[in-house]
Amino acid sequence: MEGAKGNARDKDTVGDAVGVAPTSRRKFLAAAVGLTAAAAATPALGNPNNQPPNVADWTRTLGDGVATRPYGHPSQFEKEVVRRDVQWLTASRESSVSFTPLHELDGIITPNGLCFERHHSGIAEVDPADYRLMIHGLVDKPLLFTLDDLKRFPRVNKIYFLECAANSGMEWRGAQLNGCQYTHGMVHCVMYTGVPLKILLEEAGLKANAKWIMAEGGDAAAMNRSVPMAKALDDCLVAYRMNGEMLRPENGYPARLVVPGWEGNMWVKWLRRIKVGDEPWFTREETSKYTDLLETGKARQFTWVMDAKSVITSPSPQVPKLGKGFTVVSGLAWSGRGTVKRVDVSLDGGRNWREARIDGPVFDKACVRFYYEFDWNGEPLLLQSRAMDSTGYVQPSKGDLRKLRGVNSIYHNNGIQTWHVKADGEVENVEVG
Ligand code: MTE
Ligand code: CO
């Protein structure tokens, strides 16, 4: 696998084989034809017995039959495509985070098994038969729902990103972690199936002074957050499916709160209780945590919305070295305030910007995929991407963000990321200006 990957991405070999650096898509294709000859002449690129003109092993024998893999897994050659954690970041794995391998993915949907996880007290293993969701407080009739009850309400399907407010939090004081999995991997984007929270709240009947809800999880942290009623009635969901199948235990099985565009901490997992009140609860997660300390000594509180952000996922530090020639720059962008309208890419640290090509569906408060294709001549690059959303907001540089926010924050770092592509094709996390 490693050999094959190196081969496919080694465009230096491609350029050398035809004696020119490809300068157009047509020339690139011509160069790709050249690759066949180059690969044949280059030793140690896979097993020649499995390559043309020979008949490969997998062509000579019958493969496994149907249902020998009752729940399918990725190819054995994709073993490196996994969530990863950074052990020194947290004291225990029960209260920690694992990161989405963004550099290995494409399109906008995160596969369920690769969605980053953030738990305060580990993964609760909830038996669906014992699952109950309680709605009480300032309501006409308190209610207790079983999972089957939830499934009998009208349901909707929505694709949303979820970003932890702490995503890129390690980068406030300068470039830290080498790889977009670590700098930006606290984001995922899946299709949720669930009941609009509005329907459940109306079923319970809201009192006139019902202004806030408090959502609480059934894990050992009993993590809880206050959500203003306007948001609860607007687009929040009680979701039980992700990408068609039931939620994974890691992501809140059997039901979680979905709070589109707002910080991931509010998306309470293993949701067991919603209390309706007339003021916020000022829980741990909205007082000592999830507030942003400014230079003045004051802290911003209730900074719910995740502002527009983007990152180039390839090339990036964990991806094999970039080779000269036709290059596809690929990345993700999202905004908690609406849709991503445009993404620009810079090759020179933000001096010049070119519009990237957004490809695939563009949904409200979901990730979009962007590409920028160009011909790399081997000059060092300072690669950046910059997202603009439907409100006209433009993703700020890290310098501009620090002017407003200082460097004491952990949360809500949506500054522009820079990748330094060196002449030898190696990529490093750096900062400019
Ligand atoms: N809900 C409960 N009950 N317990 C938790 O620890 N973590 C929160 C939120 N909901 C958490 C929770 C945080 S900080 C984030 S970023 C998201 O869940 C992460 O969701 P994920 O694990 O599905 O990626
Ligand atoms: Co979080």
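**Exercise 1. Decide whether Cys-367 is buried or exposed, and then whether it sits in a disulfide.**

Solution. Start with the surface: Cys-367 has a relative accessibility of 2%, so it counts as buried. Keep in mind that you're looking at a predicted model. Next, look for a sulfur partner. The nearest cysteine sulfur belongs to Cys-189 and is 4.3 Å away. A disulfide needs two cysteine sulfur atoms within 2.5 Å, and Cys-367 is in no disulfide. Now widen the search: the count of disulfides comes to zero. For another cysteine, try Cys-164: its relative accessibility is 4%, so Cys-164 is buried.

**Exercise 2. Work out how the rings of Phe-145 and Phe-153 are arranged.**

Solution. A quick reminder before you begin: a ring pair is described by the distance of the centres and the angle of the planes. The count of aromatic pairs comes to 11. In one of them, Phe-145 and Phe-153 sit 5.7 Å apart, centre to centre, with 75° between their planes. An angle over 60 degrees counts as edge-to-face, and that's the label for the pair of Phe-145 and Phe-153. As for the surface, both Phe-145 and Phe-153 are buried.

**Exercise 3. Do the same for Trp-262 and Trp-304, then find where in the chain they lie.**

Solution. First the geometry: the centres of Trp-262 and Trp-304 are 4.9 Å apart and the planes differ by 5°, which makes the pair stacked. Then the location. Trp-262 is in the loop between β11 (256-258) and β12 (271-277), while Trp-304 is in the loop between β14 (299-300) and β15 (309-314). The two are 42 residues apart, and their pair links distant parts of the chain. Next, check burial against the cut-off of under 20%. Trp-262 has 11% relative accessibility, so it's buried. Trp-304, with a relative accessible area of 17%, is buried too. Finally, follow the ring pairs outward: Trp-212, Trp-262, Phe-282, Phe-302 and Trp-304 are linked into a cluster.

**Exercise 4. Find what lies over the face of Trp-353.**

Solution. Go to the ring centre of Trp-353 and look along its face. You'll meet Arg-386, at 4.2 Å from the ring centre.

**Exercise 5. Pick out backbone spots that go against the usual habits, and place each one.**

Solution. Here's the baseline: most residues other than glycine have a negative phi, and most peptide bonds are trans.

- Step one, the peptide bonds. The bond from Pro-52 to Pro-53 is cis, with omega near 10°. Pro-53 lies in the loop between α3 (25-41) and α4 (57-60).
- Another cis bond runs from Ser-314 to Pro-315, with omega near 0°. Pro-315 is in the loop between β15 and β16 (325-334).
- Step two, phi. Asn-243 has a positive phi, near 50°, and lies in the loop between β9 (237-242) and β10 (245-246). With 28% relative accessibility, Asn-243 counts as partly exposed.
- Phe-302 also has a positive phi, about 55°. You've met Phe-302 already in the ring cluster, and its place is the loop between β14 and β15.

**Exercise 6. Describe the second largest pocket: its volume, its lining and the classes of residue there.**

Solution. Begin with volume: the second largest pocket has about 490 Å³. Then turn to the lining, which is made of 21 residues. Leu-89, Thr-90, Arg-118, Ala-166 and Ile-410 are the ones nearest the pocket's centre. Last, sort the lining by class: 12 residues are nonpolar, six are polar and three are charged.

How values were computed: Residues are numbered from 1 along each chain as its sequence is written. Chains are lettered from A and ligands numbered from 1 in the order in which they are written. This is a predicted model: local features need pLDDT of at least 70, side-chain atom pairs count only at pLDDT 80 or more; totals for chains, interfaces and linings use all residues. Side-chain values use heavy atoms; hydrogens and water are left out. Rings of Phe, Tyr and Trp (its six-membered ring) pair if their centres lie within 6.5 Å; planes under 30 degrees apart count as stacked, over 60 as edge-to-face and the rest as tilted. Buried means under 20% relative accessible area, exposed over 50%, partly exposed in between (1.4 Å probe, protein chains only). Helices (H or I, at least four residues) and strands (E, at least two) are DSSP runs, numbered from the N terminus. A charge sits over a ring if NZ of Lys or CZ of Arg is within 6 Å of the ring centre and within 35 degrees of the ring normal. On a 1 Å grid over the protein atoms alone, a cavity is a set of points where a 1.4 Å probe fits but cannot get out, and a pocket is an open set with protein on both sides within 12 Å along at least five of seven lines; lining residues have an atom within 4 Å of a point. Grid points are joined across faces, edges and corners, and a volume is the space filled by probe spheres set on the points. Ala, Val, Leu, Ile, Met, Phe, Trp, Tyr, Cys and Pro count as nonpolar, Asp, Glu, Lys and Arg as charged, and the others, Gly among them, as polar.
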